[in-house]
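Colleague: I've got this one open for the first time. Can you take me through it, and show me how each label is earned?

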Amino acid sequence: NEHLTRLEEAFSVSFGEGAHFVQHVLTALVLLSGTILLAAGLTLSWWITRGIRGGIERLRMGALRVSEGDLDCRIEVRGHDELGELAEVFNDMVERRRSAEAQIQHNAHHDALTGLPNRTLLLDRLEMAMRLARRGGEQVALLLLDLDHFKRINDTLGHHVGDGLLLAVSRQLQGCVRDVDTVARLGGDEFVVVLSGARSREELGPTLAKIAQAIAAPVTVEGHELVITPSIGGCLYPADVADTTSLLKHADVAMYHAKAAGRGTMQWFNAAMLEETREKRSEERR
């Protein structure tokens, strides 16, 4: 019994020590597993957070560039998560704004009805043509066209028919000139043609005849056959004037002399016309 008692006591001691050892091992394993899981969670969180921060930063920088006027900015789409979808929405928004900006710019420089350059774009192109003429020792011809009795068409057939006629005239004028020339609409029934690289008035004779013949050709608009003639006033740079404002003004004077001469005619500006106009205005003030 004493021997068994000693064996039981020794077994109890050994079992207790083993149990404590197993407890320490399990505790260590639990702590190690927890540490590994915590490290993995933190690493994963850092990775995810870094990706989110990167996406947000790309969106922020893109928005900043667009606010500064850079409409070519695009954000790289990485993945199909919420940030990726937001990047696609952002890119689509920028693209839409770029079409809208282009349309605004076009509308600011072109006639709404015909799509021809308006006065603003005409002056820019006229300045460019004049600079090139100075370098090449050439001249620039500016023709101001007014459609004779156009108001009658609007009054009798309606503005929609008048608009159709203006569209037809704009196409006819563009078909009479070269790509380096400019056809513009000032408004109403007034058109301007800028002919670059001219040497003399005589050299422009065939082009003027072509323009007059094209506009005078019958045009059918909504079942109405219309025949109209242009009164044309012309002015040369630098032979007649030295700046864009005077070029337009003197071509206008010549055009009114063409109307006074019986309409459907062409008149080149000369100094006598300007003096005559001044005298008429002086008499009207009296």
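**How the labels are earned**

Modeller: Let's start with a charged pair: Asp148 and Lys259 form a salt bridge, with their closest N and O atoms 3.0 Å apart. Bear in mind that this is a predicted model.

Colleague: What makes Asp148 and Lys259 a salt bridge?

Modeller: The cut-off is a Lys or Arg side-chain nitrogen within 4 Å of an Asp or Glu carboxyl oxygen. Lys259 and Asp148 come to 3.0 Å, so the label fits. Asp148 sits in the loop between β1 (139-147) and α4 (150-157), while Lys259 is in helix α7 (residues 244-260), so the pair ties together parts that are 111 residues apart in sequence.

Colleague: Are Asp148 and Lys259 buried or exposed?

Modeller: Both Asp148 and Lys259 are buried. That label needs a relative accessible area under 20%.

Colleague: How many salt bridges does a search of the whole structure find?

Modeller: Seven. Another one joins Lys151 to Asp155, with the closest N and O atoms 2.7 Å apart. Lys151 and Asp155 are both in helix α4, four residues apart, or about one turn of the helix.

Colleague: Why is Lys151 called exposed?

Modeller: Its relative accessible area is 60%, and exposed means over 50%, so Lys151 qualifies.

Colleague: What about Asp240 and Arg201: which parts does that pair tie together?

Modeller: Their side chains meet in a salt bridge at 3.2 Å, N to O. Asp240 is in the loop between β6 (230-237) and α7, and Arg201 is in the loop between β3 (190-198) and α6 (205-216), so the pair links parts 39 residues apart in sequence.

Colleague: Why does Asp240 count as partly exposed?

Modeller: Asp240 has 24% relative accessibility. Buried stops under 20% and exposed starts over 50%, so Asp240 lands in between. Arg201, with 27%, is partly exposed as well. Sharing partners matters too: salt bridges join Asp146, Asp148 and Lys259 into one network.

Colleague: On to the inside. How do you know that β1 is largely enclosed?

Modeller: Nine of the nine residues of β1 are buried, so the rest of the structure largely encloses the strand. Both faces are covered: Gln139, Ala141, Leu143, Leu145 and Leu147 are buried on one side, and Val140, Leu142, Leu144 and Asp146 on the other.

Colleague: Why do the residues on each face skip every other position?

Modeller: In a regular strand, side chains alternate between the two faces of the sheet.

Colleague: Which strands does β1 pair with?

Modeller: β1 pairs with β3 in the antiparallel sense over seven bridges, and with β6, also antiparallel, over eight. Leu142 has Val194 as its bridge partner in β3, and Asp146 has Ser231 in β6.

Colleague: Which residues touch the most other members of the largest nonpolar core?

Modeller: Leu143, Leu145, Leu173, Val193 and Ile211, out of 32 residues in that core. Helix α5 (159-174) gives the most to this core, with six residues. A second, separate core of 23 residues includes Leu142, Leu144, Val194 and Leu274.

Colleague: And what makes the nonpolar surface patch of about 250 Å²?

Modeller: Val25, Leu26 and Leu29 do. Leu26 is found in helix α1 (residues 2-67). A patch residue needs over 30% relative accessible area, and Leu26 has 49%, so Leu26 passes that test yet still counts as partly exposed.

Definitions and conventions:
Residues are numbered from 1 along each chain as its sequence is written. This is a predicted model: local features need pLDDT of at least 70, side-chain atom pairs count only at pLDDT 80 or more; totals for chains, interfaces and linings use all residues. Side-chain values use heavy atoms; hydrogens and water are left out. Patches are made of residues with over 30% relative accessible area and no salt bridge: like charges are joined within 9 Å, nonpolar side chains (Val, Leu, Ile, Met, Phe, Trp, Tyr) within 5 Å. Accessible areas come from the Shrake-Rupley method with a 1.4 Å probe; for residues, only the protein chains shown count as cover. Helices (H or I, at least four residues) and strands (E, at least two) are DSSP runs, numbered from the N terminus. Buried means under 20% relative accessible area, exposed over 50%, partly exposed in between (1.4 Å probe, protein chains only). A nonpolar core is a set of buried Ala, Val, Leu, Ile, Met, Phe, Trp, Tyr and Cys residues joined through side-chain atoms within 4.5 Å. Two strands pair if DSSP finds at least two bridges between them.
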